[in-house]
Amino acid sequence: MKDNTQPSTVLPVAPTRGRLRPLGLDEVTITSGFWARRRHINTTATLGHCHDWMERVGWIGNFRAAAEGRLPKDRRGREFADSDVYKLLEAMAWERGPDAGAALDTITDAIAPVQEPDGYLNTAFGRPGQGPRYGDLEWGHELYCYGHMIQAGVAQTRARGEGALAKIARRAADHVCATFGPGGIEGVCGHPQIETALVELARATGEQRYLGQAALFVDRRGRGTLADPEFGRAYYQDDMPVREATILRGHAVRALYLAAGAVDVAVETGDDDLLAAVVRQWEATVARRTYLTGGMGSHHRDEAFGDDFVLPPDRAYSETCAGVASVMLCWRLLLATGKPRFADLAERTLFNVVAASPSEDGRSFFYANTLHRRRRGTVPPAGTDSPRAESSLRAPWFAVSCCPTNVARTLAVLPAYLATTDDHGIQLHQYTDMDIATQGVALQVRTDYPSGGRVTVGISSSPGHSWTLSLRVPAWTEGTTAWLTEPDGTRRAVAQGTAEVTRRFRPGDEIRLELPVTPRWIAPDPRVDAIRGTLAVQRGPLVHCAESVDLPKGHEVDAVRVDRSAEPVDGPQGTVVVQGELIAPDQARDTPWPYRPLDGPTEPPTDAPDEPATPTTAERTGIALIPYHSWANRGPSTMRVWLPTTEPPVSPPAG
């Protein structure tokens, strides 16, 4: 890999090597459209909402209590509550607005007095009546909290210039290196995360000691330094070294954060073998352990990946934080390799997991993202935090609220996840209305994506030499035709992957990409037992779902059967309409035994209850499906992504 130049410093991920160089927040501006609306809500509602709740539940107050000697008596929240304060600070730092800046400074003022002279900083450990420092590496999350603090400090340095928070973070990183470096504690944190933060701090400061410590943590992982948990050592990826693993396993967020950190270490040290190991793990995980939405993690009990093809829609955990971590990993792999498949999964996850978590007003959230809600949810109480386990309706806050702050920091830096450059030109990986200005090139991207598929790129300034504009042709276009029109009017079909235009661009030139954004049936791999015999609908990058709000009164989504012989069509107001049938609710009845021989009678036996047997009837109708990310915004409902068909299921392959 060749060295990158870094015109931008306002970057969440700033590798010094790699196939592509990211464009930063000072080079890309989202101007309107889907993501502009989401980012506006994030700035005007979500950040303040998170701040208010952290004051209400006492997580920011933990730092004040520590400074005033009131711990452990007055401490509130879980042992990792500090980390969510730090994620909020990171989001505030990237936002760069005056309101966010003032709040950042106020919270930092509460944190600063708590840091010990040697750099240690945590409100849950290290005082009389609390556990000792690093006495519980498995579950204490001390290094995990440092990781989020360090990332917040890097954000402040890059977006605002080095301030008090950045200095706190650097002192903490120095403490970590002194404590866990060569000759120190030979352990790792039960929750990976500090690895990415240390690498980014090394990139921001030039201090290679931080990179070395991150590499040491990655190398120690999987060598049995942690105690066996009830879920097995794979839960926190301590079952085998990173280089030997063939797939992501265990707790999904932990696994994805560790993989992201390993990529960072591999890129900065030129370790191609380590990078290749993570790519292999990613490929296997996408092929066998990922939901249609891009969600990862099918276990509620341990928030973990299941075995291969164990992807039950109604038990999908698909944690929002895992979606954020997946986007982080995909972005790093894209920068390192230049392969568009990583941008494909990032797009799927952004639109169908990250965008699904916050409500339309940005003040309530999903923690888990189920693909099938069997019972109508209940409205959570407005003034108290909620359990996190299952998706019902979005809740304003959780006892463990890692997801709202993760969404906030992701939306804050989203412009830096859209485009890149290299020695040959500029690459567009995600589509939204945006302006780009970098290295003598200025261009405007205009589109109604994802509702529409036309992407127009206008050139307003360009250097006098030839360069290449690359546009990703998404993987979801497979089996269809996308078209590219060049400035001279030449129109050509382009295959999924990357479409390129190389020329000496002039101001006023226009390039147009036409993507076939039409609804399509999606069939599952028959090895996914839980959804065999069902179909889903995807329109462009958006997965759609049936929601009971859109069905006739008295029907729930379990009444829906779709006709695969009739293609889905666009409906009103962003819906997709499929043909199918609704089983009449008054025709459903129990039988003494819910199983029968395949060639047996369809009616209950003669000794069934006295009421006369009534054949089940169904009403033929059009069924409206909505984008999955928008479900549960209209009150309690049932919901389903994978829909049974009017035909028998497909058998799994032999062998």
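**Exercise 1. Over which ring does the charged end of Arg56 sit?**

Some ground rules come before the solution. This is a predicted model, in which local features need pLDDT of at least 70, side-chain atom pairs count only at pLDDT 80 or more, and totals for chains, interfaces and linings use all residues. Residues are numbered from 1 along each chain as its sequence is written, and side-chain values use heavy atoms, with hydrogens and water left out.

Solution.
- Step 1. Apply the criterion: NZ of Lys or CZ of Arg must be within 6 Å of the ring centre and within 35 degrees of the ring normal.
- Step 2. The charged end of Arg56 sits over the ring of Trp53, 4.1 Å from its centre.
- Step 3. Arg491 gives another case: its charged end sits over the ring of Trp483, at 4.3 Å from the centre.

**Exercise 2. Classify the ring pair of Trp35 and Phe351, then place it in the chain.**

Solution.
- Step 1. Rings of Phe, Tyr and Trp (its six-membered ring) pair if their centres lie within 6.5 Å; planes under 30 degrees apart are stacked, over 60 edge-to-face, the rest tilted. The structure holds 23 aromatic pairs.
- Step 2. The centres of Trp35 and Phe351 are 5.2 Å apart and the planes make 35 degrees, so this pair is tilted.
- Step 3. Trp35 is in helix H1 (residues 34-57) and Phe351 in helix H12 (residues 340-354), so the pair links parts of the chain 316 residues apart. Helices (H or I, at least four residues) and strands (E, at least two) are DSSP runs, numbered from the N terminus.
- Step 4. Both Trp35 and Phe351 are buried, meaning under 20% relative accessible area, with exposed over 50% and partly exposed in between (1.4 Å probe, protein chains only).
- Step 5. Ring pairs join Trp35 and Phe351 with Phe34, Tyr431 and Tyr449 in a cluster.

**Exercise 3. Work out the strand order of the five-stranded open sheet and find its edges.**

Solution.
- Step 1. Two strands pair if DSSP finds at least two bridges between them.
- Step 2. The order is E1-E4-E5-E9-E12, with mixed pairing.
- Step 3. E1 (21-22) and E12 (497-503) each have a single partner strand, so one side of each lacks a neighbour in the sheet.
- Step 4. Inside the sheet, E4 (residues 419-421) and E5 (residues 425-428) run antiparallel, joined by three bridges. Ala419 has Leu428 as its bridge partner in E5.

**Exercise 4. Is Gln130 buried or exposed?**

Solution.
- Step 1. Gln130 lies in the loop between helix H4 (98-111) and helix H5 (142-160).
- Step 2. Its relative accessibility is 15%, so Gln130 counts as buried.
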